[in-house]
Amino acid sequence: MLQAQLPHPSPAPKPSTWRERWQAWRDGVLTSPDFQRRAARSWWMRPIARQRARGLFDLVAGFVYSQVLLACVRLKVFDHLAAGPLSAAELQRVLDLPAEGTERLLAAAVALELLERRESGGTLRYGLGKLGAPMVANEAVAAMVEHHAVLYADLSDPVALLRGGTAPALSRYWAYASAARPGELPPEAVDEYSALMSASQPLVADEVLDAYNVHGHRCLLDVGGGQGRFLLAAARRSPTLQLQLFDLPGVVPAAQRQFAAAGLTSRTQVHGGDFTRDALPRGADIASLIRVIYDHPDERAATILRAVFEALPPGGTLLLAEPMAGARGAPRMGDAYFNFYLLAMHGGRSRSAADLARLVEAAGFEAVRELATPIPLQVSVLVARKPRG
Ligand SMILES: C[S@@+](CC[C@H](N)C(=O)[O-])C[C@H]1O[C@@H](n2cnc3c(N)ncnc32)[C@H](O)[C@@H]1O
């Protein structure tokens, strides 16, 4: 029905260059059912045809795969197998599932390489697969997997989301993203996302701190530092480093509790405020923005970067880390995943390292460079300097 209301696109312009003519010919060939049938039957084209069919099927079935992982996380399947493989009957008992549900889950998890079938002495057991093994006691990924229930609910009508005008649950979850005055949000509005960020911070902190050595610095200001997990990791690397955290007032009590529990209160200053309105604390020679800028549209991102610039002394260092579009080996992460996630969240943008470098330079920084991280899918890093003169 809706289809009938869509305007017809105007006819495409005739291809004029050799490249456009070749692309038009290729589109015609690849969309032809006759070609697809012949490709699947030809011995030399079959591997390509199968690979494409598999790729397309994976896109169609992606949600099911995610839910298999969610079931494994909720049932703590990976943790149950951490001590060694178990039979289906043993797993059925610990998972408290009916026999058929157990068999189906195990078959799906094996197909997705989360688990592995292992036979020995005529007994079939299930052990950790190559994708399941890193999930053992992995609080960070488990928290993200659980969190995706909110995102997937918002994505149930992706066209409505793209058209705007919906009220995605994710934008309520990240209360600051659409609040007129985020500085007035109470702890109840920020606690849930802050706990998620804190739980997932181990995916990021070591990558960033391996890429950039904070040892030579005196004081690190983490802007939008949440509950302080990144600063705690930095403090472990550099025992003399002074720590400053700036985040919304609602986040401050939880951050203070974390520093007190780690015995770091005397090395730490925690400041509450709104980085789009308030000045940031002075005194640090390095400031970090970890998973902060991608939450915000360009104008607000520029305001935050200028606030950081103002807070640093001449020669001060900016450390900016977040997942970036176009990251090496992870083309889908920025342009597909974060692009839609940030749309549902409201107003953020997945940016490439080059886009971020332009924003950083526009705020006044110089000598912007990208540092290599082992897993750019998780985080990429830029460093820049405030001019000395
Ligand atoms: C995506 S979280 C990242 C938290 C932390 N840096 C990390 O990587 O775990 C963004 C952080 O920015 C903070 N934030 C958002 N808007 C803010 C504002 N206007 N002023 C100060 N902090 C803000 C949030 O409270 C949150 O802690």
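Visitor: What makes residues of domain 1 and domain 2 count as being in contact, and how many are there?
Guide: Two residues are in contact if their C-beta atoms, placed from the backbone, lie within 7 Å. By that rule, 6 residues of domain 1 are in contact with 6 residues of domain 2. On the domain 1 side that touches domain 2, there are 5 nonpolar residues, 1 polar residue and no charged ones. Here nonpolar covers Ala, Val, Leu, Ile, Met, Phe, Trp, Tyr, Cys and Pro, charged covers Asp, Glu, Lys and Arg, and polar covers the others, Gly among them. Please bear in mind that this is a predicted model, where local features need pLDDT of at least 70 and side-chain atom pairs count only at pLDDT 80 or more, while totals for chains, interfaces and linings use all residues. Residues are numbered from 1 along each chain as its sequence is written.

Visitor: Where are the two domains, and how far apart do their C-alpha centres lie?
Guide: Domain 1 runs over 46–135 and domain 2 over 140–385, with bounds from an automatic or database domain assignment. Their C-alpha centres lie 34 Å apart.

Visitor: Which residues come nearest to the ligand?
Guide: They are Tyr 176, Met 197, Gly 224, Gly 226 and Arg 291, out of 21 residues around the ligand; a residue belongs there if its C-beta atom, placed from the backbone, lies within 6 Å of the molecule. That shell divides into 11 nonpolar, 6 polar and 4 charged residues. Its largest share, 3 residues, comes from helix H12, residues 187–200.

Visitor: How do you know that the span of H12 agrees with its 14 residues?
Guide: The expected span of a helix is 1.5 Å times one less than its number of residues. For H12 this gives 20 Å, and its end C-alpha atoms are 19 Å apart, so the two agree. The name H12 reflects numbering from the N terminus of DSSP runs: helices are H or I with at least four residues, strands are E with at least two.

Visitor: Which residues of H12 are called buried, and what covers them?
Guide: Val 190, Ser 194, Met 197 and Ser 198 are the buried ones. A residue is buried if 20 or more other C-beta atoms lie within 10 Å of its own, exposed if 12 or fewer, and partly exposed in between, with C-beta atoms placed from the backbone. The cover includes helix H11 (175–178), helix H14 (229–237) and helix H15 (252–261). Over the protein chain of 389 residues, 31% are buried.

Visitor: Why is Thr 240 counted as buried or exposed?
Guide: Thr 240 has 10 C-beta neighbours inside 10 Å, which is within the limit of 12 or fewer, so it counts as exposed. Thr 240 is found in the loop between H14 and strand E4 (242–247). In space, Thr 240 is 8.5 Å from His 215, C-alpha to C-alpha, though 25 residues separate them in sequence.

Visitor: What makes Asp 96 exposed?
Guide: Asp 96 has 9 other C-beta atoms within 10 Å, so the same limit makes it exposed. The loop between helix H6 (88–95) and helix H7 (99–111) holds Asp 96, and its phi is near 60°, a positive value in a residue other than glycine.

Visitor: Why is His 346 called partly exposed?
Guide: Its count of other C-beta atoms within 10 Å is 18, which falls between the two limits, so His 346 is partly exposed. His 346 lies in the loop between helix H17 (331–345) and helix H18 (353–362), with phi near 110°, again positive in a residue other than glycine.
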